[in-house]
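Me: Please give me a close look at one part of this model, namely the pairing of its strands. I would like that part set against the chain as a whole, with the residues that help me find my way around.

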Amino acid sequence: MSTIKVDTIKNTSNVEVFTCKAWVNFDGTQAAASMIRASGNVSSITDNGIGDYTVNFTTALTDANYSTTASAGRNATGTGGYLAAISDQVAQTASATACATFNLAGTNLDAVFISCTSFSN
């Protein structure tokens with residue numbers, strides 16, 4: 001296997017390409033120590049309460065002004081729709097971001113399938 005190291009990636013039009021700096025797929029119904037199914041640059045998840053999570057980065061991002069997206073889903077026996085959003089309960093920092101999961105009525109819940117991705121320069 002080879003390793004390529006560069007400071008900046010640009011496309012053929014000389015436009016910088018920004019890459020995902022951290023991602024995680026986790027199960028919010030599990031204990032914090034065993035929530036993470038797979039991840040990149042995520043060291044742990046902090047369970048702040050029902051449907052409220054902090055995603056902790058292994059290596060901090062350049063600053064707190066990055067973009068995070070989140071999604072949530074239920075298992076085959078669940079009912080109704082599940083939503084995920086960036087949480088305002090925990091401040092976004094260079095070292096961590098927060099996400100919340102809830103049902104269509106706005107009630108927080110622990111979802112089985114949660115994914116968060118963070119993009120930065």
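Reply: What follows begins with the chain as a whole, then takes the sheets in turn, and ends with the segment before them.

This is a predicted model, in which local features need pLDDT of at least 70 and side-chain atom pairs count only at pLDDT 80 or more, while totals for chains, interfaces and linings use all residues. Residues are numbered from 1 along each chain as its sequence is written, and side-chain values use heavy atoms, with hydrogens and water left out.

The secondary structure of the chain comes to 0 helices and 8 strands, where helices (H or I, at least four residues) and strands (E, at least two) are DSSP runs numbered from the N terminus. Along the sequence the pattern therefore reads β-β-β-β-β-β-β-β. The C-alpha trace spans about 45 × 30 × 30 Å along its principal axes. Of the 121 residues, 30% count as buried, a class that means under 20% relative accessible area, with exposed over 50% and partly exposed in between (1.4 Å probe, protein chains only). The accessible surface of the chain is about 7,100 Å², from the Shrake-Rupley method with a 1.4 Å probe, only the protein chains shown counting as cover for residues; carbon and sulfur atoms account for 52% of that surface. Among the contacts in the chain with a separation of 6 or more, 53% are between residues 24 or more positions apart, contact being heavy atoms within 4.5 Å.

One open sheet of 4 strands has the order β2-β1-β8-β5 with antiparallel pairing, two strands being paired if DSSP finds at least two bridges between them. Its edges are β2 and β5 (67-73), and because each has a single partner strand, one side of each is left without a neighbour in the sheet. Neighbouring strands here are turned by 5° against each other on average, direction ignored; the axes are lines fitted to C-alpha atoms (for helices over the stretch in contact), and angles run from 0 to 180 degrees between N-to-C directions.

Within this sheet, β1 (20-26) is a useful strand to follow, for its partners can be named on either hand. With strand β8 (residues 113-119), β1 pairs in the antiparallel sense over 6 bridges, and two of the bridge partners found in β8 are F119 for C20 and S115 for N25. With strand β2 (residues 36-40), β1 is joined by 4 bridges, again antiparallel, and here N25 has A38 as its bridge partner. N25 thus has a bridge partner in β8 and another in β2.

Leaving β2, the chain enters the loop between β2 and β3, where N41 is found. The phi of N41 is near 60°, a positive value in a residue other than glycine. Is N41 buried, partly exposed or exposed? It counts as partly exposed, because its relative accessibility is 22%.

Another open sheet of 4 strands has the order β3-β4-β7-β6, also with antiparallel pairing. The edge strands are β3 (42-49) and β6 (82-86), each of which pairs on one side only. Neighbouring strands of this sheet are turned by 25° against each other on average, direction ignored.

The pairing of β3 with strand β4 (residues 52-57) is antiparallel and runs over 6 bridges, and the partner of D47 in β4 is Y53. T54 also has its place in strand β4, and counts as buried because its relative accessible area is 7%. Leaving aside neighbours within four places in sequence, T54 is in contact with S44, I45, T46, N48, V90, A96, T97 and A98. S13, by contrast, lies 41 residues from T54 in sequence and 37 Å from it in space, C-alpha to C-alpha.

The segment before β1 holds both V6 and N14. N14 is exposed, because its relative accessible area is 53%, and it has a positive phi of about 70° although it is not a glycine. V6 is likewise exposed, at 52% relative accessibility. Together with I4, I9 and V17, V6 forms a nonpolar patch on the surface with about 380 Å² of accessible area. Patch members have over 30% relative accessible area and no salt bridge, like charges being joined within 9 Å and nonpolar side chains (Val, Leu, Ile, Met, Phe, Trp, Tyr) within 5 Å; a salt bridge is a side-chain nitrogen of Lys or Arg within 4 Å of a carboxyl oxygen of Asp or Glu.
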